[in-house]
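Below are some notes on the helix packing and the aromatic residues of this model. Please read them beside the structure.

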Amino acid sequence: MIYVVIIFLWTSILLYILLGGADFGAGIIELFTSKTNKAKTRKTMYKAIGPIWEANHMWLIIAVVILFVGFPKIYTTISVYLHIPLVCMLLGIIARGTAFVFRNYDAVKDDMQKVYTPIFVYSSLITPFFLGIIAASSVSGQIDPQANDFVSAYIFSWLNWFSVAVGIFTVSICGFLAIIFIIGQTDNDGDRQHFVGKAKRAIFIVMFCGALVFAAAYAEHIPLATWIFGDTPGLIAIIAASISLIIMFYALNKDKPILLRLLAGFQVAMILFAATYTHFPDIVLLKNGENLSLVAHQGQVKTIASLGYALLIGSLFILPALVYLIYIFQKPKEVIADH
């Protein structure tokens, strides 16, 4: 049952990156859009993220609950030594959601609208940035359980070039996903070509940010290249992601939005797989050489069994509901009205 729980944990993280990432990317794209195109981009973005707006943080909650219930030592280590980036990420989530709701549904439209927009776009940038920092810090080997001062224990555990580079890379991934989602929601060919051009630029930005991650890993003496290219499964995953990228350029020049979304999801899944496969089941690498493993540091057997069954049963309700939600949002308004 432990591997059922691990699969749900990995899948929850992946879905949060894909769906939550596209959601955050909406604000990131708006931040870097010219004033003349902001209104059009904003309208299309809302249409694209509508099906996942209310559901995206569910995956983060599931991942946190799995760690809290099934892997208490791992949960405690992350929440203690990385509490600063965790708090920043959570504050970003709260600020972003609040600003989005007030900006769009406030009964009184006044000068506060000028406040809500910056909060929304900058928190959309900050949240995935710290999410990437948390993920990178967990495997950077910088968490020091034997640190005897605040700075060493709670600052340098995450404030390093590698973690910052992964944070930037995560932001670029979110922007890329948002652009891919938006292409299928355009109303005319002119808008589609505009966003296709943005998508191509986003791909090159992601590649550049990925190169920064490898450079930072090299500078920090983190064997990232060995992790990804040193094992056959990881190498195959990167090759598959690269091939799908070539196919994506073909799909961008054709009207194939569904294929684009599938390819984007596949690429992110392959990157996550390649980055985690080598040191699996270790999920936290500590500075003293100790690793926290999803197998060795699991909770009680009965707890893991109960958690596994709960996840299996819960997925029977959650996944069909999510699929139906996306289906409803994709139907034309006149068809929905007929029902």
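Leaving aside its neighbours within four places in sequence, what is glycine 21 in contact with?

1. Glycine 21 is in contact with Tyr16, Cys174 and Leu177, once neighbours within four places in sequence are left aside; contact means heavy atoms within 4.5 Å. The model is predicted, so local features need pLDDT of at least 70 and side-chain atom pairs count only at pLDDT 80 or more, while totals for chains, interfaces and linings use all residues. Residues are numbered from 1 along each chain as its sequence is written, and side-chain values use heavy atoms, with hydrogens and water left out.

2. Glycine 21 lies in helix α1 (helices, H or I, of at least four residues, are DSSP runs numbered from the N terminus). Glycine 21 is buried, with a relative accessible area of 1% (buried is under 20%, exposed over 50%, partly exposed in between, with a 1.4 Å probe and protein chains only). Its C-alpha atom is separated by 20 Å from that of serine 242, 221 residues apart along the chain.

3. Helix α1 (residues 2–31) crosses helix α8 (residues 161–183) at roughly 90°, and their axes come within 6 Å. Axes are lines fitted to C-alpha atoms, for helices over the stretch in contact, and angles run from 0 to 180 degrees between N-to-C directions. The two helices are therefore roughly perpendicular (65 to 115 degrees; under 35 is roughly parallel, over 145 roughly antiparallel and the rest oblique). On the α1 side the contact includes Gly21, Ala22 and Phe24, and on the α8 side Cys174, Gly175 and Leu177 are among the residues met. By class, this contact has 15 nonpolar, three polar and no charged residues (Ala, Val, Leu, Ile, Met, Phe, Trp, Tyr, Cys and Pro are nonpolar, Asp, Glu, Lys and Arg charged, and the others, Gly among them, polar).

4. Helices α3 (residues 56–70) and α4 (residues 72–81) pack at about 120° with axes 5 Å apart, and are therefore oblique to each other. The residues of this contact divide into seven nonpolar, one polar and no charged.

5. There are 11 aromatic pairs in the structure (ring centres of Phe, Tyr and Trp, the latter by its six-membered ring, within 6.5 Å; planes under 30 degrees apart are stacked, over 60 edge-to-face and the rest tilted). The rings of phenylalanine 273 and tyrosine 277 have centres 5.3 Å apart and planes at 35°, so this pair is tilted. Phenylalanine 273 is partly exposed at 28% relative accessible area, and tyrosine 277 is partly exposed at 35%. One aromatic cluster is formed by Tyr81, Phe150 and Tyr154.
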